[in-house]
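Hi,

Here is the structure I said I would pass on. Have a look at it first, and then read my notes below.

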Amino acid sequence: MSAGSRQGALLAAAALMVNAFVWGVSWWPFRQLESHGVHPLWATAIIYVVSLGCLLAVRPRAWRGLLQYPLLGLLMIASGLTNVGFNWAVTVGDVVRVVLLFYLMPLWAVLLAWPLLGEKPTATSLSRMLLALAGVVIVLKTGDSAWPVPESAADWLALMGGFSFALTNILLRKLRHTPAESRVLAMFGGGALMATSAAGLGLARGVVALPPAPALSWLVYAVALSLAFLIGNLALQYGAARLSSHGTALIMLSEVVFASASSVALGAAELTGRTLAGGGLILLAALWSALACDKPAPSVRPRTG
């Protein structure tokens, strides 16, 4: 590898680390916003409305791709639900537990890649799925629960967010022929649309309050978080375009480290033996998936449209 190529790879890896850091420590500003009366759904809506506005200011014609490729609408929903689930969960739940349940990529990827990409599960991919499932059982099974099932809203939100995240990644592979700016628009638009819709529904049912009147005390967190997510998304686009998918997935696992270290240090999570054991299996499955180069078993490719 030439010096230039090596430097380019290091820059791409650093960009992915920036994205992982933003997501890994995002729980803290979300909790600061909640302490000022801004529900994580409204905070997510604000973040993605700002990001969407910035994108359209630079690429005003990006929306045309949504008309040409209707499947981008599904990407919009999946990406939006990813943000709704993760951002809400890390605000109200144990951060380490939430991040581990969110990172069940090997499990969801096996289940989704077959119907959407025609990639029939291999023995290796099924082994990774079983490893991840074993980790989930250990994390969820407590002395107070008869079965290893989610015990809180944060658990359910993390699982929903993780499933949606896996679906987002599968759809990005399926839609790789579409304009990049249209995919980014779908993801930003999905974050804004789904968070606003969920907040509106919660408001109607009395479980989500309106955000407080604009004040510097909380707007500074909202603006900083919006800029951080925008920079993180741009860093992801830069890094993922220059590294292999396996390398990208491997580096993105550092998000778990950032989230765990910051939340334990600030008292927002507790590292029990059960969490460490189950989390270790989940991360091992994710690491195995990131390093794997196994080919899918032959299968009929689904129709595109």
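Gly267, just after helix H13, takes a positive phi of about 75 degrees. This is a predicted model, by the way, so please read everything here as computed from the predicted coordinates.

H13 itself covers residues 254-265, twelve residues in total. From its first C-alpha to its last it reaches 17 Å, close to the 16 Å expected at 1.5 Å a residue. Quite a few of its serines are buried: Ser254, Ser260, Ser262 and Ser263 are on the list, along with Glu255, Val256 and Ala259.

Now to the aromatics. The structure holds twelve aromatic pairs. One of them is Tyr48 with Phe229, edge-to-face, at 6.2 Å centre to centre and with 75 degrees between the planes. Tyr48 sits in helix H3 (residues 40-58) and Phe229 in helix H11 (residues 216-240), so this pair ties together parts that are 181 residues apart in sequence. Both partners are buried.

Tyr103 and Phe165 also pair up: their ring centres are 6.5 Å apart and their planes are at 75 degrees, so this one is edge-to-face as well. Tyr103 is in the loop between helix H6 (95-102) and helix H7 (105-117), while Phe165 belongs to helix H9 (residues 153-174), so the pair links parts 62 residues apart in sequence. As for burial, Tyr103 has a relative accessible area of 5% and is buried, whereas Phe165, at 24% relative accessibility, counts as partly exposed.

Which residues make up the aromatic cluster that includes these two pairs? Tyr48, Phe229, Tyr103 and Phe165 are joined there by Trp23, Phe30, Phe86, Phe102 and Phe188. There is also a charge over a ring to look at: Arg128 lies over the face of Trp288, at 5.9 Å from the ring centre.

Phe229 is worth a second look. Which residues have the most contacts inside the largest nonpolar core? They are Leu104 and Phe229, in a core of 81 residues. Helix H10 (residues 180-204) gives this core its largest share, nine residues. Setting aside residues up to four places away in sequence, Phe229 touches Val22, Trp23, Ser26, Phe30, Ile47, Tyr48, Asn83 and Asn87.

The helix that carries Phe229, H11, has 25 residues, which should span 36 Å at 1.5 Å a residue; its end C-alpha atoms are 35 Å apart, which agrees. Besides Phe229, the buried residues of H11 include Trp218, Leu225, Leu230 and Asn233. Ala222, Ser226, Gly232, Ala235 and Gly239 are buried there too.

Asn87, one of the residues Phe229 touches, leads on to Thr91. The backbone oxygen of Asn87 lies 2.6 Å from a polar atom of the Thr91 side chain. Thr91 is found in helix H5 (residues 72-92) and is buried, with a relative accessible area of 4%. Leaving aside neighbours within four places in sequence, Thr91 is in contact with Phe30, Arg31, Glu34 and Pro40. Phe30 therefore turns up again, since Phe229 touches that residue and the aromatic cluster includes it.

One last spot, back in H3: Leu56 lies in that helix. Is Leu56 buried or partly exposed? At 33% relative accessibility, Leu56 counts as partly exposed. Leu56 and Leu185 are 129 residues apart in sequence, yet 8.1 Å apart in space, C-alpha to C-alpha.

Cheers

Definitions and conventions:
Residues are numbered from 1 along each chain as its sequence is written. This is a predicted model: local features need pLDDT of at least 70, side-chain atom pairs count only at pLDDT 80 or more; totals for chains, interfaces and linings use all residues. Side-chain values use heavy atoms; hydrogens and water are left out. Rings of Phe, Tyr and Trp (its six-membered ring) pair if their centres lie within 6.5 Å; planes under 30 degrees apart count as stacked, over 60 as edge-to-face and the rest as tilted. Helices (H or I, at least four residues) and strands (E, at least two) are DSSP runs, numbered from the N terminus. Buried means under 20% relative accessible area, exposed over 50%, partly exposed in between (1.4 Å probe, protein chains only). A charge sits over a ring if NZ of Lys or CZ of Arg is within 6 Å of the ring centre and within 35 degrees of the ring normal. The expected span of a helix is 1.5 Å times one less than its number of residues. A nonpolar core is a set of buried Ala, Val, Leu, Ile, Met, Phe, Trp, Tyr and Cys residues joined through side-chain atoms within 4.5 Å. Contact means heavy atoms within 4.5 Å. A polar contact is a pair of N or O atoms within 3.5 Å; within protein, one must be able to donate a hydrogen and the other to accept it, and residues adjacent in sequence count only if both atoms are side-chain atoms.
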